[in-house]
Amino acid sequence: VVRTGAYLGGGFFRGSGVLRFDGDFVLNSGNIVGTGTMHVAPTGSLALRGMTGWFVDVEGTATWGDYDMTFGQDTINGVPYSSVRVRPGALLDIQHGITTPRELFGRGATTGEVSAIQIDGGAIMRKTTGTGISNIRPRVLLSGTVDVLDGSINVQGNCSVTGGDKTGPGQLTGCVFP
């Protein structure tokens, strides 16, 4: 449990099981590989970085800053693709201000082992910074709200919309609302 704050600025971060963030955790750099869950509690926040295998379960805030990321897979060691689930009341905050486009790489196929971003009903994926494009290649499962305050979000993997809504003056491409 990370209660107040932590920072990873290089090296290796490996493991399985559940790592809970009640405070702030910044993944700045390093090789992040595992088969566990990073649980962001309602009072916690996580500055996301590329990773292999981890499932990120967000009840607080997860932030994708001004950098490219990859949700990878380690087939040699049996580590699956990483995925993120944003629960009701939680926020995935996209903050790209300097470089455009920014890329979130991952496998976005509709069958087989894939990386995914799931936005539950009552959850928000919000682009708050930057007039540029945020490209998302993992599969997106959308039941919540996508709020594009600035720039645009371009979903390049499969986008499955079951409810949900798009708000804000920015653009969202790749998802079709019923």
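**A cavity and its strands in a predicted model**

Author: In this predicted model, methionine 69 stands opposite leucine 104 in β12.

Reader: Over how many bridges do β9 and strand β12 pair, and in which sense?

Author: The pairing of methionine 69 with leucine 104 in β12 belongs to a wider match between β9 and strand β12, which covers residues 102-105. The two strands pair in the parallel sense, and the number of bridges is 2.

Reader: Which residue in β9 is the bridge partner of methionine 51?

Author: Strand β6, residues 51-52, is joined to β9 by 2 bridges, and these strands run parallel. Within β9, the bridge partner of methionine 51 is phenylalanine 71.

Reader: Which strands each supply at least two residues of the lining of the largest cavity?

Author: The structure holds 1 cavity of 30 Å³ or more, and the lining of the largest cavity includes Met69, Phe71, Leu92 and Ile94. The strands that each supply at least two residues of this lining are β9 (69-72) and β11 (91-95).

Reader: How do the residues of that lining divide into nonpolar, polar and charged?

Author: About 50 Å³ of space lies in the largest cavity, and among the residues that line it are Leu48, Trp64, Val84 and Ile136. The division of the lining is 10 nonpolar, no polar and no charged.

Reader: Is valine 33 buried or exposed?

Author: Valine 33 lies in strand β3, residues 24-34, and its contacts beyond four places in sequence include Phe13, Trp54 and Val79. Its relative accessible area is 13%, and because buried means under 20%, valine 33 counts as buried.

Key
Residues numbered from 1 in each chain as written. Predicted model: local features only at pLDDT ≥ 70, side-chain atom pairs only at ≥ 80, totals over all residues. Heavy atoms only, no water. 1 Å grid on protein atoms, 1.4 Å probe; cavity = no way out; pocket = protein on both sides within 12 Å on 5 of 7 lines; lining within 4 Å. Points joined across faces, edges and corners; volume = space filled by probe spheres on them. Helix = DSSP H or I, 4+ residues; strand = E, 2+ residues; numbered from the N terminus. Nonpolar A, V, L, I, M, F, W, Y, C, P; charged D, E, K, R; others polar. Pairing = 2+ DSSP bridges. Buried < 20%, exposed > 50% of the residue type's maximum accessible area, 1.4 Å probe, protein only. Contact = heavy atoms within 4.5 Å.
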